[in-house]
2 protein chains.
Amino acid sequence: MRPHLSAAARRRAALLPVLPLLLAGRLAFAQGAEPVDMTAISKIRAEAFEHSQVMTMMSWLTDVHGPRLTGSPITRRAADYTVQQMQSWGLSNPRIEPWGTFGRGWVNEKFYAQVTSPVPFAVIGYPQAWTPGTNGLVKSAIVYVRIDSDADFEKYRGKLAGKVVMLAPMREVAPRFEPLAARRSEADLAKLEAAPLPAPAAMGPRASAPRTAADSAAMRQQEAMRATQATAVRRMAFIADENVAAVIEPGRGDGGTVFTNNGQSRDPKTPYGTPLIVVAIEHYGRMLRTVEKGVPVEMELDVRNRFYDDDLTSFNIIAEIPGTDPKLKDEVVMLGAHFDSWHAGTGATDNAAGSAAMLEAMRVLKASGLKPKRTIRIALWTGEEQGLLGSRAYVRQQFGTRDSLTDAGKKVSVYFNLDNGTGAIRGVFQQGNTEAGPIFKAWMKPFDDKGVKAATLSNTGGTDHLAFDGIGIPGFQFIQDEVEYGTRTHHSNMDTYERVQDADMKLNAAVIASFVYHAANRPALFPRKPAAIAPRS
Amino acid sequence: MRPHLSAAARRRAALLPVLPLLLAGRLAFAQGAEPVDMTAISKIRAEAFEHSQVMTMMSWLTDVHGPRLTGSPITRRAADYTVQQMQSWGLSNPRIEPWGTFGRGWVNEKFYAQVTSPVPFAVIGYPQAWTPGTNGLVKSAIVYVRIDSDADFEKYRGKLAGKVVMLAPMREVAPRFEPLAARRSEADLAKLEAAPLPAPAAMGPRASAPRTAADSAAMRQQEAMRATQATAVRRMAFIADENVAAVIEPGRGDGGTVFTNNGQSRDPKTPYGTPLIVVAIEHYGRMLRTVEKGVPVEMELDVRNRFYDDDLTSFNIIAEIPGTDPKLKDEVVMLGAHFDSWHAGTGATDNAAGSAAMLEAMRVLKASGLKPKRTIRIALWTGEEQGLLGSRAYVRQQFGTRDSLTDAGKKVSVYFNLDNGTGAIRGVFQQGNTEAGPIFKAWMKPFDDKGVKAATLSNTGGTDHLAFDGIGIPGFQFIQDEVEYGTRTHHSNMDTYERVQDADMKLNAAVIASFVYHAANRPALFPRKPAAIAPRS
């Protein structure tokens, strides 16, 4: 398809049933509809594959300046490092831009957990984010507290002060007969390419009434979750009232891999609450099974967490390569990724990998000496893990709303995002933008040798491209190989540099550099979705 | 094949090329050569599958009384628990039998390791066994010491006192594209069954000259290993002389799973040496990459290890079900497993699983009311991890040597061992005993529904059946599903109760109970290998 169809033709195209996209892509390529600059791609590939700095950046952003929990001073140091890097490459105006109030900063400064009786063993564990530490060294027998009904509260009232308690039963831990790591198969990519245009309802967050059986089931599930959460809240309030020393929780994951989460509000006006410690499931099981036998389990716990209340704001990191065409340089092509992470690992795949790939793409473009016609702008967001806070604030402040885009917003051509771990880019989610398919197909063709090929009409969510898509600016997230994202790294203590694959990182930087360069130099702005099928946010 | 061939016929059979064993087994079964008591098997299966106590024992032997490092007081408590259990089932004369001098006991009582700068994080780690703890709380910058030549020693002389050092470079950590867990396929079992009779040379440890290219390569590899070890010994002596606070080592394993080993002699006459701490590879990598950037890494380390020098002996655990046939009750069928473990996990698959399966087999036999003609004796060994010490001592003391078997030794029919984790029994290694095949085939037939079927002429080594096989008493180790033995559990911190599979444990107890019952009641002693092909130990 051509990029310059009339609005009516675009709307017709958008309403067509499933398109044979691969074929469409090939035709577009054969017709030369979407220009591809093979000389530029050669330069990009040479710089990205032969002079890569992406793994060096990865190590600095994780080993030295990780984890990057939003609001923590470590994250600020990581940002300072990033700005210095961008300065050293000659990017224009690299800067840290505050986007608004986030809340308290939080850092786990010390973690010591040791069962001392009946048999000593060190416990692998992590505090949940924004929970307080212990009041110095705690020594306590572990109490397994089962509160399932009102009567249960009375059993424990007045008996838990200063104790370390467990609240949850043990869960099943199955052997790993499936590989932890996987790449997308050709069949999987073909399935993605065959996906139909998403229904408008599925694209907007405003749907208020259940429309399908699946919707109803989802709502019932949400209600059940809310009820469970309400009970949990009541139990936690009781636990806090009883001045429990700490709560030990069973972690998701196994084999020493522990997934953590948010444990308490980051709002400085809320009370600190109870120390929450998530431990390796094997250690949870061992403690619980021992206590259940009537054998006392004694432990020592010393957790020091520091809150930072002096500066409640957070920031995004921005820099540019200015456009060189006087008529087009006010138009902007953006690329970005969230810079923040959770706290138990070093936030390597989530999302130093995305940040480093975007940074490397900028470095590659600058080093290759290519001259983009439009301005290329990188934005690394914080607060993504708490709800796309940095990107949504930026977009609102700079580009307005769907119904009232600013002039700057009208001049943003397209935004590319990366946030699914180390995995090689294998394609792009079109977010229902039918005209994007042939363009992406043309741009991917020079990376076909690396398995970059799929364009799917499907949506994907959960990350910062939604901030753009939500106000009608084309925003895309790439299809990536899974590698170990879901099984091992996403929000775990083992999201570390070791999980990041050099070859994937180089490829991703090259693909992104090429995409943004081509977006910057194509004749027109990137086509926008017809309002009829755009998400409403 | 029949069990009562002449010695000459047996020798001929032993020298035959690869036997079509499956066929041989079927024929033997068809001819009814090896009696199988289906009523007994029904009783055994009912007790083992419907009234199992094996997982309860597993939890006590691991969660409460683990790890069971030989010589530690925890191991002694585990033995006391085991004797009590056997008493409660009515086994005869359950007892702890000292087998001789082992060395010091050792327990890790406290482990605290925390990087404090540039970014705080808790380090997953374990002391190597029999190494000393730190001298209280150590605070130190980490020094990466590279000693590859004589000149390198001088660079560091006088500079390392009180420091925490790293000696090893980082290794590769690959994603896990292969499953951690696997079961044996039909093809794998068929391959085992097709294995030829092992060559006599391969069966004896005394081969002194290289006989094949493979032998020569193996010897060169051994020499290279010895040279590397010599360098390592010299480096460690230097490190000890320099009064280093501790050495941090990279662990095998990943994702929080850490494999540990022996770090120092258990001989009370040797000096304590240097604290050796093996840490999660991700944490090793993070520290090393940071130090290599010139960024100082500060850490706190507080490791308390206790030595037990008051009793240097160790023991085996023995009990019996007396035979009921006056003519046969002096003959003995034995089953056993090593009871000891390494120290970083709880020794669940290595080898509480083997011990619990053997104990459960004894319980099942007793509870089922079956009357074995020969005496059935269980033996749970210690010191296996240090070289089959308990079983070799027992066999030497009770049964003599190959060239001079005691009367008791002549009356041992067969010994069955289990020491390959949780995995379901799928067959038996015949250790080159050709006559064993048809017998095992007949005994396995009633468990064919559970996938127990393969008899292989192959040897397997590395565990306590070798103590018996080495003096000419038939000693066998079962073929088991791998599950996660090699990848996750064997000598790791994650060898815990969670890794042990209920269904496998029940099956293994049932199969073993049936095997020993049939061995106890068959007309003749289990056939022995001809001397010509027996291993010489």
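Which residue in S10(B) does Glu97(B) stand opposite? Glu97(B) faces Asn316(B) in that strand, and this pair belongs to an open sheet of 8 strands in chain B, described below together with its packing helices, the contact with chain A and the domains of chain A. The structure is a predicted model, in which local features need pLDDT of at least 70 and side-chain atom pairs count only at pLDDT 80 or more, whereas totals for chains, interfaces and linings use all residues. Residues are numbered from 1 along each chain as its sequence is written, while chains are lettered from A and ligands numbered from 1 in the order in which they are written.

**The sheet of chain B**

- The strands of the sheet follow the order S1-S10-S12-S11-S13-S16-S14-S15 with mixed pairing, where strands (E, at least two residues) and helices (H or I, at least four) are DSSP runs numbered from the N terminus, and two strands pair if DSSP finds at least two bridges between them.
- Strand S1 (92-101) and strand S15 (454-456) of chain B stand at the edges with a single partner strand each, so one side of each is left without a neighbour in the sheet.
- Neighbouring strands of this sheet are turned against each other by 25° on average, direction ignored; axes are lines fitted to C-alpha atoms, for helices over the stretch in contact, and angles run from 0 to 180 degrees between N-to-C directions.
- S1(B) and S10(B) are joined by 7 bridges in the antiparallel sense, and S10(B) also runs antiparallel to S12(B), with 5 bridges, among them the one between Ile317(B) and Leu380(B) in S12(B).
- Strand S11 (residues 332-338) and strand S13 (residues 412-417) of chain B run parallel and are joined by 5 bridges, with Val332(B) having Val412(B) as its bridge partner in S13(B).
- S10(B) is largely enclosed by the rest of the structure, because 7 of its 9 residues are buried, a residue being buried if 20 or more other C-beta atoms, placed from the backbone, lie within 10 Å of its own, exposed if 12 or fewer do, and partly exposed in between.

**Helix H12 of chain B**

- Helix H12 (residues 389-399) of chain B is mostly covered, with 8 of its 11 residues buried, including Arg392(B), Tyr394(B) and Phe399(B).
- The cover over the buried residues of H12(B) includes S1, S10, S12, helix H13 (407-410), S13 and helix H15 (465-469) of chain B.
- Gly400(B), just after H12(B), takes a positive phi of about 80°.

**Contact between the chains**

- Chain B places 47 residues in contact with 48 residues of chain A, two residues being in contact if their C-beta atoms, placed from the backbone, lie within 7 Å.
- On the side of chain B that touches chain A, the elements giving two or more residues are helix H4 (54-64), strand S2 (105-117) and helix H10 (281-292) of chain B, and the largest share, 7 residues, comes from S2(B).
- That side of chain B divides into 22 nonpolar, 12 polar and 13 charged residues, where Ala, Val, Leu, Ile, Met, Phe, Trp, Tyr, Cys and Pro count as nonpolar, Asp, Glu, Lys and Arg as charged, and the others, Gly among them, as polar.

**Domains of chain A**

- Chain A is divided into domain 1 (18-102 + 182-202 + 312-533) and domain 2 (107-167 + 235-306), with bounds that come from an automatic or database domain assignment.
- The C-alpha centres of domain 1 and domain 2 of chain A lie 39 Å apart, and their contact takes 13 residues from domain 1 and 12 residues from domain 2.
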